[in-house]
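Open the model in your viewer and keep the selection box at hand. This tour goes from stop to stop.

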Amino acid sequence: ARRAAPLIGTILLAACSVGPQYQRPAAPDVSAYTRESLGHLAGDNGQQLVSGQNPAQDWWMLFHSEQLDAIMRQALAGNRTLTAAKATLAQAREVVNASAGALYPQVSLDGGAGRQKYGAEFGGNDVPPPYTYFAIGPSVSYLLDYTGGNSRAVEQQQAQADYAACQLQAAYLSLTGNVAQQALSIASTRAQIEALQALLAEDEKNLSLVQTAFAAGSVTRVDVLSAQSQFANDQTLLPPLRQQLSVAQHALSVLAGQAPANWTPPDFALSSFQLPQSLPLSLPSELAHRRPDILAAEAQLHAATAAVGVATSRLYPQITLTASASQQSTSLSNLFDASSTAWGLVGGLTAPLFDGGTLRAQRRGAEDAMHAAAANYQHVVLQAFGQVADVLTALDQDSALLSAQKNALDSAHDNLTLARESYRYGNTGVLSVLDAERLFQQAELGYVRAQARRYQDTAQLLLALGGGTSLEPEKTETESR
């Protein structure tokens, strides 16, 4: 055994891993997300993009809402999907530890006792009498990984664990994004309901005055029907908004790990949020190395590459070394005497000769899977760039839309002021004032919607850039090594 040790060590040092060596894909040679001009974002009403900066882990803090931060912390602590993702990652890392065990010698302790009797045909006249035997001792077996097949298998499992870690980050990002979107949806819907209720109050007042004027004979039946129709049409807008509010509240309850019947989320208001004026904008090359979905696709590519090495190693002979040492005796009292010591050293080799092409077909299939994973990775990167481009364009148009809605609101306000002045001096009737009030309420409703959309698209940009890095469970023993 001492003479064989140097030879075994030399073989292990000379061992190499067959199959392609994984190399991380290079970052795309792209300097911008879109060719379109984002002129509105640089205007007076726009937000400033800080190129080369990444969102922080608690990216939602840019909205400066204590209510949002509180509900976010509660969701991170109680969300079941996030808990499941953490457990899945822990399981994947234990699979790595389990597969890494094959890289080391397998040591076991064998023991036994029995009663043996041989037949007459076995030894003729020298058949030994029945006897009892005892045996105990360790045995060591080692699969010589000279092709690196086991190492590739561990590498494959490690890549799968990396994929689970990326899935955890994706769950973190999805959870925080959904919480922020639902909170903004609640605030937006409540603001729209308030504006619509004010509009309905104007409609009702307008209808009452028209009916009074009709009774006095100063307006026609057509005017009454027009006022009734307008009031009825505006009433149809309220139930969908109330349903939308309920859906957002229920969704936020579930995200926070609470039953909708047992917990009520805060009454968010748009006024409790501050629109971030400086927005981080990761470089495209940096985005490819930080978005969870891209990193997950990269981990799958790594696993598929390692799988080619595993399939390749099966084409080579498998060498197994086994050593055993034991104490054997027919008497329990003499079991541990020096004369009862026995040992054995065995080397085994199994080489594939004919398998109908199975092993080579499996290797070709693994190579095809690797090529598919590479194409999928490239597609995920392009999708990510496209998503960021869409959100940037939306934010740019949100700025233009908000500016237009602000002009419409100012014009409606000036019109209402003028109508009231004209009514005060007797130049117009009260219906003109009510119409001006109604137009002002409609403009205010449009402004609220544009404002809420801008908040939501701002959150979408932070999410599209990968948000922050989630908190991961501690690394396993294999990863630490």
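On this tour, contact means heavy atoms within 4.5 Å. The model is predicted, so local features need pLDDT of at least 70 and side-chain atom pairs count only at pLDDT 80 or more, while totals for chains, interfaces and linings use all residues. Residues are numbered from 1 along each chain as its sequence is written, and side-chain values use heavy atoms, with hydrogens and water left out.

**Stop 1: P266**

Select P266. Leave out residues up to four places away in sequence, and P266 touches Q67, I71 and I186. It sits in the loop between α7 and β4 (278–281). Helices (H or I, at least four residues) and strands (E, at least two) are DSSP runs, numbered from the N terminus. Is P266 buried or exposed? P266 is partly exposed, with a relative accessible area of 24%. Buried means under 20% relative accessible area, exposed over 50%, and partly exposed in between (1.4 Å probe, protein chains only). Now add L68. The C-alpha atoms of L68 and P266 are 8.9 Å apart, with the two positions 198 residues apart along the chain.

**Stop 2: I71 and the cores**

Move to I71. Setting aside neighbours within four places in sequence, I71 is in contact with V179, L252, A256, W263, P266 and F268. Next, show the largest nonpolar core, which has 57 residues. Such a core is a set of buried Ala, Val, Leu, Ile, Met, Phe, Trp, Tyr and Cys residues joined through side-chain atoms within 4.5 Å. Those with the most contacts inside this core are W59, F63, L68, I71, V179, F268 and F273. Colour the elements that give two or more residues to it: α2 (66–78), α3 (80–100), α5, α6 (221–235), α7 and α11 (430–464). Which element gives the largest share? That is α5, with 22 residues. A second, separate core has 20 residues, including L41, Y377, A384 and L465.

**Stop 3: α5 with α7**

Select α5 (residues 149–216) and α7 (residues 238–255). Their axes come within 9 Å and cross at roughly 155°. Axes are lines fitted to C-alpha atoms, for helices over the stretch in contact, and angles run from 0 to 180 degrees between N-to-C directions. The two helices, α5 and α7, are therefore roughly antiparallel. Angles under 35 degrees count as roughly parallel, over 145 as roughly antiparallel, 65 to 115 as roughly perpendicular and the rest as oblique. The contact of α5 with α7 holds 13 nonpolar, eight polar and two charged residues. Here Ala, Val, Leu, Ile, Met, Phe, Trp, Tyr, Cys and Pro count as nonpolar, Asp, Glu, Lys and Arg as charged, and the others, Gly among them, as polar.

**Stop 4: α9 and its partners**

Keep α5 and add α9 (residues 292–313). The axes of α5 and α9 come within 8 Å and cross at roughly 165°. This pair, α5 and α9, is therefore roughly antiparallel. Their contact divides into 14 nonpolar, nine polar and three charged residues. Swap α5 for α10 (residues 358–424). The axes of α9 and α10 come within 8 Å and cross at roughly 170°. In the contact of α9 with α10 are 16 nonpolar, five polar and four charged residues.

**Stop 5: H64 and Q48**

Select H64, in the loop between β1 (48–51) and α2. Its phi is near 55°, a positive value in a residue other than glycine. Most residues other than glycine have a negative phi. H64 counts as exposed, at 52% relative accessibility. Finish at Q48, in strand β1. The C-alpha atoms of Q48 and Q277 are separated by 5.9 Å, although the residues are 229 apart along the chain.
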